[in-house]
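Okay, thanks for coming, everyone. I'll put the structure up and then just talk through what I see in it.

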Amino acid sequence: MIGPVVKELIGLFVDDELLAATILCAVALISALALSGVAPGWLVGLMLILALPATLVASVLRSASRKTRSE
Amino acid sequence: MPNLTTIVSVAGASFVASFVEAVEALTVVLAVGLARGWRPALTGAAAALAALTLIVVALGPLLSIVPIRALQLGVGLLLLLFGLRWLRKAILRAIGIIALHDEDAAFQRGTRELSEADGRDAHGFDWLGGMTAFKTVLLEGIEVAFIVIAVGAGRGLLGLASAGALAACIAVAAIGAAVHRPLSHVPENALKFAVGVMLSAFGLFWTGESLGVGWPGGDAAILVFVALFLAVALGLVALLKPRAAALA
C-alpha cells in the first residue's frame, strides 16, 4: 500500500526524468550563481526566464522527435 | 495586503487545479459506488478525507518554522517540476502525440475491473472497493493540498488558496452527486494546459523571489510569466501539430 502511494507521489513531479533533471540542474546552477554573488538579481531573473521555458521546449521537441522516429 | 492580481491568480490557480484533481477522484468514487456499492465508496472517501485532515493538521504548522526564502525556493522548485510536467503532457496531448485522457473510458474500465473482482470480508464489508476509493481520494487530496501550499504559502495566502480548492471540491462533489456520472464533458486537457501554465508561472516567480530577484511590477510579474509560458506552449502546439497530423 505505502510503496505504490510513494511511487505515485513521486510521479506527481517526475514524469519525463530528463525534464525533471534539467529543471533541477538549471535551478541549482542559477541558485549557485545567485548565492555566490557572481550574478546580480536582474541576471538571475533573466536566466530563469530563458532557461525554464527552454527546458520545456527541449523536452517537448525530444518527445516529438522520438515519436517521429518510431513511426 | 495582497492586490487584486494576487488574489485572483492565487484563488483562480488553486480552484482550477483542484477542480481537475477532484474530477479524477470523483470518477473513481463513482466507479466504486456503482460497481461495488455506495457504502465502501463513501466510507473509503470519508476515511481518506479524515487521513488527509490529520496529515494537514500535523504537517501544516511546520510551514511556519521554515524560513520564507527556503520555503519560496522549495515551493518554487516543486511548482516548476509539477507545472512543467503538466504543461508538457498537455502540449503532447494537444499535438496528438499522446492520447487525450478520457474520463468516460477510465470510468468504464474502473467499473468493469471492480465488478469482476472479489474482496468482501466475512462481515460483508467490501475492502477492495473501500481501499480503491480511499487510495484515490487520498492521492488526489494530497495533490490538492500540495497545490494549495504551492500557490498560497509564498505570500502567506494559504487561506485564500484553501478557499479556492474547497470551492472546487464542493462544486465537483455537488455536480457528481446530482448527475451520478463522471464529468467527461469537462475540457480536461484545456484545464491542465491552463493549470500547467499557471503553476509554471508561479514556480518561476517564487524561485526568483527566493534568489533575491526584484521582479519589475511585483506580483503582476506572474501575469507576464503566464503570458510567456502560454506563448511558448501555444507556439509548440502550432509548430508540431501539423507535423504530427501529417504522420498520422
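Let's start right at H7(B), where 20 of the 23 residues are buried, so this helix is largely enclosed by the rest of the structure. Keep in mind that what you're looking at is a predicted model. From its first C-alpha to its last, H7(B) reaches 32 Å, close to the 33 Å expected at 1.5 Å a residue. Just after H7(B) comes Gly212(B), with a positive phi of about 85°.

Now pick out Leu199(B). What does it touch, once you leave aside the neighbours within four places in sequence? The list is Ala13(B), Ala17(B), Leu79(B), Phe82(B), Gly83(B), Trp86(B) and Ala150(B). Leu199(B) is also among the residues with the most contacts inside the largest nonpolar core, along with Val29(B), Leu87(B), Ile91(B), Ala201(B) and Phe202(B). That core has 94 residues, and its largest share, 17 residues, comes from H1(B). As a reminder, in soluble globular proteins nonpolar side chains tend to be buried together.

So, on to H1(B). Buried or exposed, for the most part? Here 25 of the 33 residues are buried, so H1(B) is largely enclosed by the rest of the structure too. This helix runs over residues 4-36, which should span 48 Å at 1.5 Å a residue, and the end C-alpha atoms are 46 Å apart, in agreement with that. Right after H1(B), Gly37(B) takes a positive phi of about 115°.

Next, H6(B), residues 158-179. The expected span for its 22 residues is 32 Å, and the ends are 31 Å apart, C-alpha to C-alpha, so that agrees. Which residues of H6(B) are buried? Going along the helix, you have Leu160(B), Ala161(B), Gly164(B), Ala165(B), Ala168(B), Cys169(B), Val172(B) and Gly176(B). If you're looking at the spacing there, remember that an α-helix has 3.6 residues a turn, so residues three or four places apart point the same way. And what do the buried residues of H6(B) pack against? They pack against H1 and H5 of chain B. H6(B) is then followed by His180(B), and its phi is positive as well, near 55°.

One more stop in this chain, down in helix H8 of chain B, where you'll find Ala244(B). Ala244(B) has 18 other C-beta atoms within 10 Å, so it counts as partly exposed. I like this one for the sequence separation: Ala244(B) and Gly96(B) are 148 residues apart in sequence and 6.7 Å apart in space, C-alpha to C-alpha. Beyond its neighbours within four places, Ala244(B) is in contact with Ile95(B), Gly96(B) and Ile97(B).

Let me zoom out to chain B as a whole. There are eight helices and zero strands. Of its 248 residues, 50% count as buried. Taking contacts between residues at least 6 apart in sequence, 86% join residues at least 24 apart. Along the principal axes, the C-alpha atoms fill a box of roughly 65 × 55 × 25 Å. The radius of gyration is 20 Å, and a compact globule with 248 residues would be near 18 Å, so the two agree.

Then the partner. Chain A has three helices and zero strands, and 24% of its 71 residues count as buried.

How many residues does each chain put into the contact? Chain B gives 32 residues and chain A gives 31. On the side of chain B that touches chain A, the elements giving two or more residues are H3, H5, H7 and H8 of chain B. H3(B) gives the most, with 13 residues. By type, that side of chain B divides into 23 nonpolar, four polar and five charged residues.

Last thing, confidence. The model scores ipTM 0.89 and pTM 0.79. Chain B has a mean pLDDT of 84, with 91% of its residues at 70 or more. Among its elements, H3(B) has the highest mean, 90, and helix H4 of chain B the lowest, 72. Chain A averages 87, and 87% of the residues score at least 70. Within chain A, helix H2 is highest at 94 and helix H1 lowest at a mean of 71. The usual caveat goes with that: where pLDDT is low, the predicted coordinates should not be read in detail.

Conventions:
Residues are numbered from 1 along each chain as its sequence is written. Chains are lettered from A and ligands numbered from 1 in the order in which they are written. This is a predicted model: local features need pLDDT of at least 70, side-chain atom pairs count only at pLDDT 80 or more; totals for chains, interfaces and linings use all residues. Two residues are in contact if their C-beta atoms, placed from the backbone, lie within 7 Å. Helices (H or I, at least four residues) and strands (E, at least two) are DSSP runs, numbered from the N terminus. Ala, Val, Leu, Ile, Met, Phe, Trp, Tyr, Cys and Pro count as nonpolar, Asp, Glu, Lys and Arg as charged, and the others, Gly among them, as polar. The expected span of a helix is 1.5 Å times one less than its number of residues. A residue is buried if 20 or more other C-beta atoms lie within 10 Å of its own, exposed if 12 or fewer, and partly exposed in between; C-beta atoms are placed from the backbone. pLDDT is the predictor's confidence in each residue, from 0 to 100. A nonpolar core is a set of buried Ala, Val, Leu, Ile, Met, Phe, Trp, Tyr and Cys residues joined through C-beta atoms within 7 Å. The radius of gyration is taken over C-alpha atoms; the globule rule is 2.2 Å times the number of residues to the power 0.38.
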